[in-house]
Amino acid sequence: SRFCSSFPMGAAASGGASQTHVECPQCNHYQEAQDVHAFVCGFCNIAVAIPGSGKPSGPSVNAVCGVCASHIAVYPEPGKRVSEFRCPFCGRRNEADLSTRAPVSRAALPPSAGTVATIQCGRCRNVIRVQAAPGHVDQHAQCPHCGSHNAFRLSGGGAAVTAGARGTAAAASGERDEVMLHTVNVQCGSCRRLCQVQLAGRGDCRFTCTCGKVNQFSVSEDPEGARSSVPIQYPTYWKTRDAAGRLFEHEGDDIKAAMQAILDGTWKDQRTRDSASRGRCGAMERFEVLHVQRNENPTLWAPYFRLRQQLAQRISKEGGCGRYESRTSLGSAGAGNLVIARADLRRDVNEFYLFHGTKPSAVRAICDGSFEIRMAHAGTLYGPGLYFAEASSKSDEYADDDKEGIFMGLYALILCRVTCGKMKYTDAVKPDTQELVDAVLTHRTHHSVLGDREKCRGTYREFIIFDKNQAYPEYVIIYKRLPR
């Protein structure tokens, strides 16, 4: 695969500096890191720990951090049965017997007595273990993976979970009690900070933000419970048929030609202010598709499929939603196009193929780990969400080329399945951003926002979602710009 091919850039630098270059022993890419002994690869997204000299020797062993439960590829020191390594996420030191090649680790928590709470981060959904402060019911913890602050509550001295919380209480070794809690995203009404709060079933819930303000919100349903029982069905043209599969498939000339037709059919000779802010002016370039790869990732597909099913059931009970069309499915782009024809997009939930612009070196991380709403888009015209476009020329404004390596001078678009559901439409030149966000996140009357800048400014329509599980990155398109 061209996406994981390595390219030599010289020897790895030694440790000692605050920022140095290291070589990932998993994918052989060079990158900047603060510690050669523990880092997360920006290319393959794998956490690596190399104790001792900092130079890998032999195969890696899958270990688990005793604090944050993160999986780490550890390269044991030669001749040592027990190795000490530092977790790249939370920074805690672990001691593990790696001679058995078993994924176990221990001795990472401080020896003080108290409660160890196992919670699920409301933003990145990673399960982490945190040391709860003794004598306090309301607790706060920062996720070592994404840096988000989580709020949770211990009841019954830490030995029981409040009603509606996910999981069960379990006694840990020594004097520790371990509790499994579930958290959700809530925005503080005072400081606007996004907090992760324990989900305590349906009804009114309260939490205290780190700024000290008390917030109240209403929970009308349990989204995780509603989705978990839905059986997963994969697209018929996928080679992956179960959750254990994972494939990054290179498409043939027929799909490449179909993708070229979609780019040409949705292209428009129209630049926006976003293009000008990036120093691009003059006539809009045309595009030539060079490579197309299909991302078959059951880990990302499962939450997307379940959420799509859930929205379909809800919309059906409400009598349906207003249906829209995307340019990717119309005219020369969609009529008879092989990519569109075999996709079987669900019109009852406004499922579209939409573009997202990026750079070639970043697509693998997105295809492996989905989108990050806090990093996806710099603009906030329609709120802090994931922005997609139906026109290739619009998403091209956000695409960057790699400055070096095998993709130097090339650009990338990701063609995503996006379930928009009931869309909050606006053609206002200066929309009320808070009203749009509240319609989706607070009042839950809509599931996405459709900003019609084509009508009010003559540019493009933009599609915005606020739940990353409403989008699935299915195709990676590597292309070059053709000057006119």
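Colleague: Where is aspartate 344 found, and is the residue buried or exposed?

Modeller: The model is a predicted one, and in it aspartate 344 is placed in the loop between H6 and E20. Its relative accessible area is 64%. A residue counts as exposed when this value is over 50%, so aspartate 344, at 64%, is exposed.

Colleague: What is the phi of aspartate 344?

Modeller: Aspartate 344 is not a glycine. Its phi is nevertheless positive, at about 55 degrees.

Colleague: Which loop holds asparagine 350, and what is the relative accessible area of that residue?

Modeller: Asparagine 350 also has a positive phi, near 55 degrees, although this residue is other than glycine. It lies in the loop between H6 and E20. Buried means under 20% relative accessible area, so asparagine 350 qualifies as buried with a value of 1%.

Colleague: Which backbone atoms does the side chain of asparagine 350 reach?

Modeller: Leaving aside neighbours within four places in sequence, asparagine 350 is in contact with residues including Cys321, Tyr324, Val418, Gly421 and Met423. Its side chain reaches one backbone atom at 3.1 Å, the nitrogen of tyrosine 324. At 2.8 Å the side chain of asparagine 350 reaches another, the backbone oxygen of glycine 421.

Colleague: Which helix gives the most residues to the largest nonpolar core?

Modeller: The largest nonpolar core has 31 residues, and Met259, Leu263, Val339, Tyr353, Leu415, Tyr475 and Ile477 have the most contacts inside it. Several elements each supply at least two residues of this core, among them helix H2 (253-266), strand E20 (351-358) and strand E26 (471-482). With five residues, the element that gives the most is H2.

Colleague: With which residues is methionine 259 in contact, leaving aside its neighbours within four places in sequence?

Modeller: Methionine 259 is one of the residues with the most contacts inside the largest nonpolar core. Once its neighbours within four places in sequence are set aside, its contacts are Val289, Val292, Val339, Leu415, Tyr475 and Ile477.

Colleague: How many residues does the other core have?

Modeller: This other core lies apart from the largest one. Among its members are Leu386, Leu410, Ile414 and Cys420, and its residues number 23.

Colleague: How are the rings of tryptophan 301 and phenylalanine 305 arranged: stacked, tilted or edge-to-face?

Modeller: The whole structure contains 12 aromatic pairs. Tryptophan 301 and phenylalanine 305 have ring centres 6.2 Å apart and planes at 35 degrees. Both residues are buried, and they are four residues apart in helix H4, so about one helical turn separates them. Planes under 30 degrees apart count as stacked and those over 60 as edge-to-face, so at 35 degrees the pair is tilted.

Colleague: What is the arrangement of the rings of tyrosine 353 and tyrosine 475?

Modeller: Tyrosine 353 and tyrosine 475 are both buried. The pair links distant parts of the chain, with tyrosine 353 in strand E20 and tyrosine 475 in strand E26, 122 residues apart. Their ring centres are 6.1 Å apart and their planes stand at 65 degrees, so the pair is edge-to-face.

Colleague: Over the face of which ring does lysine 268 lie, and over which does arginine 364 lie?

Modeller: Lysine 268 is placed 4.7 Å from a ring centre, over the face of tyrosine 460. Arginine 364, at 4.6 Å from the ring centre, lies over the face of phenylalanine 248.

Definitions and conventions: Residues are numbered from 1 along each chain as its sequence is written. This is a predicted model: local features need pLDDT of at least 70, side-chain atom pairs count only at pLDDT 80 or more; totals for chains, interfaces and linings use all residues. Side-chain values use heavy atoms; hydrogens and water are left out. A nonpolar core is a set of buried Ala, Val, Leu, Ile, Met, Phe, Trp, Tyr and Cys residues joined through side-chain atoms within 4.5 Å. Buried means under 20% relative accessible area, exposed over 50%, partly exposed in between (1.4 Å probe, protein chains only). Contact means heavy atoms within 4.5 Å. Rings of Phe, Tyr and Trp (its six-membered ring) pair if their centres lie within 6.5 Å; planes under 30 degrees apart count as stacked, over 60 as edge-to-face and the rest as tilted. A charge sits over a ring if NZ of Lys or CZ of Arg is within 6 Å of the ring centre and within 35 degrees of the ring normal. A polar contact is a pair of N or O atoms within 3.5 Å; within protein, one must be able to donate a hydrogen and the other to accept it, and residues adjacent in sequence count only if both atoms are side-chain atoms.
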